[in-house]
Amino acid sequence: MEIELNDLITDLQSLNQSLPDPSFRDAFLKIQSHVEHIADLVRSQPVRRTKVKDMSAEVVDNNPYSRLMALQRMGIVENYERIRDFSIAIVGIGGVGSVAAEMLTRCGIGRLLLYDYDKVELANMNRLFFRPDQAGMTKTDAALQTLSDINPDVVLESFTLNITTVDGFETFMSSLKNKSFRPDKQGSGVDLVLSCVDNYEARMAVNQACNELSQTWMESGVSEDAVSGHIQLLIPGETACFACAPPLVVASGIDERTLKREGVCAASLPTTMGVIAGLLVQNTLKFLLGFGQVSPYLGYNSLKDFFPTMQMKPNPQCSNAACLKRQGEYILAKPTRDAAAKAKLEAEGPLIEEGPLHDDNEWNISVVDDCEPDGANTKSSDALPEGLTHELPTADEFQNLVTREAPRNDNDDLDELRKQLEAINSA
Ligand SMILES: [Zn+2]
């Protein structure tokens, strides 16, 4: 359009000079200035970049992926381009979800599915991502507008719905199952679900959907006072689900909406939300591209800059039937998992056996491994963050209780033996 307008200005200029009657010139100049103004407006419009067919590692200024592809050259990621095969569902496009969506878009994720029913408000402007001119738009529409401008290569699908309603949940489930993006994909149609919602009811809905579909998901949350947050990895059957250890409000069956006080709103900071979104997407990238370690749970206390971590096993008495089904499947699949782990170990090459430190062993001293075969790692993995205690004894404490009781049994046996000897002597 800019080229056409420039041509029009040139035509007007040449026509003006060849006019036989100079009295028309002023009118011509007026038209020419109008066209020049339109041309300026067109020039100021944002220019969308065209789609990129293949991710290139070429280091040139106009390559949007050169810095990401450098992760391969640096040896962090084996194959970064795989990111284009992955689909991520983000539930809740608020302070955390919108920033997570932008990060994944900038990283060149293959496909993003966005779910929210809310509208952008000026009260959201203390957070990142949304702009004041988007106030009144649905969060999904506004997100689509911004994200498609940032990276047109990402396939964006938006769902303006509430997943806690019957219809909303059904649409949510069918959208997760849809495999049109990658028909050969195993399991559901998405690789990971990110929960970025601000209430327990919606978390329970995500939990239900993911347990039913055996879909791995990550949960995130920021506290109402805006100074702490967390992320958590949930693999149905393998780790605790959201219903395995529910928060007190959920376990007591209280409607959380009744807890909200009139005129009092939750605090929020762009900093805490940005940190949580960053941790969430960092772990998402590690999960998808297979580098580093994915945190099972990572907390963030901004007042002390404290990052507690822990692991939660599934609860065999979980109230969620789909969770119990997944737990059963996980136990049944143990031999297959063990065989795969063994094969992987063998494929990595034989272990180099360490020779004895001293060739001669005059006194036949042998060193016994002091690691217990069972629960050798329980001590370190059960270590609790500062200020927390176990309600029940840990496995180590339980074993100590048993061994403390053991001598009493020995005395009983000795008494019995003494009685038997006395009976023999008296006979
Ligand atoms: Zn559960």
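## Loops, cores and a helix pair

Let's begin in a loop: Thr309 has a relative accessible area of 46%, which makes this residue partly exposed. Everything here comes from a predicted model. Thr309 sits in the loop between β7 (297-301) and α10. Once residues up to four places away in sequence are set aside, Thr309 touches Tyr297 and Leu298. Gly299 is 10 residues from Thr309 in sequence, and their C-alpha atoms are 6.3 Å apart.

The loop between β7 and α10 is also home to Asp305. Asp305 has a relative accessible area of 54%, and because the cut-off for exposed is over 50%, Asp305 counts as exposed. Its C-alpha lies 10.0 Å from that of Val227, with the two positions 78 residues apart along the chain.

**The chain as a whole**

Stepping back, the protein chain has 13 helices and seven strands. It runs to 427 residues, of which 35% count as buried. How much of the contact map is long-range? Taking contacts between residues at least 6 apart in sequence, 62% join residues at least 24 apart.

**Two cores**

In soluble globular proteins, nonpolar side chains tend to be buried together. In this model, the largest nonpolar core has 46 residues. Which residues have the most contacts inside it? They are Tyr80, Ile88, Ile90, Leu104, Ile109, Leu112 and Leu194. Helix α9, covering residues 270-289, gives the most to this core, with nine residues.

Leu104 makes a good way in. Leaving out residues up to four places away in sequence, Leu104 touches Ile88, Ile90, Ile109, Leu112 and Leu194. The list for Leu104 also includes Val281, Thr284 and Leu285. Those last three have numbers that fall in the range of α9, residues 270-289.

Apart from the largest core there is another, of 23 residues, including Phe159, Phe169, Val190 and Trp217.

**Buried residues in loops**

Several loop positions are worth a look, and two of them are polar or charged. Thr138 is in the loop between β2 (111-116) and α5 (139-150). With a relative accessible area of 17%, Thr138 is buried. A polar atom of the Thr138 side chain lies 3.1 Å from the backbone nitrogen of Asp141. Beyond its neighbours up to four places away in sequence, Thr138 touches Asp118, Lys119, Val120 and Thr160.

Then there's Lys185, in the loop between α6 (166-177) and β4 (192-195). Is Lys185 buried or exposed? Its relative accessibility is 11%, and since buried means under 20%, Lys185 counts as buried. Not counting neighbours within four places in sequence, Lys185 is in contact with Lys179, Val190 and Asp191. Val190 is also listed among the residues of the 23-residue core. Farther off along the chain, Phe86 is 99 residues from Lys185, and their C-alpha atoms are separated by 9.8 Å.

**Positive phi without glycine**

Two residues other than glycine have a positive phi, and here they are side by side.

| Residue | Phi | Loop | Relative accessible area |
|---|---|---|---|
| Phe129 | about 80° | between β2 and α5 | 11% |
| Ser214 | near 55° | between α7 (200-213) and β5 (217-222) | 40% |

In burial terms, Phe129 is buried, whereas Ser214 counts as partly exposed. Phe129 sits in the loop between β2 and α5, and that loop holds Thr138 as well.

**A helix pair**

Finally, what about α10 and α11? Helix α10 covers residues 321-332 and helix α11 residues 334-347. They pack at an angle of about 50°, and their axes are 4 Å apart. The two helices are therefore oblique to each other. From α10, the contact is made by Tyr330, Ile331 and Leu332. On the α11 side, Lys334, Pro335 and Arg337 take part. Sorted by class, this contact has four nonpolar residues, two charged ones and no polar ones.

Notes. Residues numbered from 1 in each chain as written. Predicted model: local features only at pLDDT ≥ 70, side-chain atom pairs only at ≥ 80, totals over all residues. Heavy atoms only, no water. Core = buried A, V, L, I, M, F, W, Y, C linked by side-chain atoms within 4.5 Å. Buried < 20%, exposed > 50% of the residue type's maximum accessible area, 1.4 Å probe, protein only. Contact = heavy atoms within 4.5 Å. Axes fitted to C-alpha atoms, helices over the stretch in contact; angles between N-to-C directions. Parallel < 35°, antiparallel > 145°, perpendicular 65-115°, else oblique. Nonpolar A, V, L, I, M, F, W, Y, C, P; charged D, E, K, R; others polar. Polar contact = N/O pair within 3.5 Å; in protein donor to acceptor, adjacent residues only side chain to side chain.
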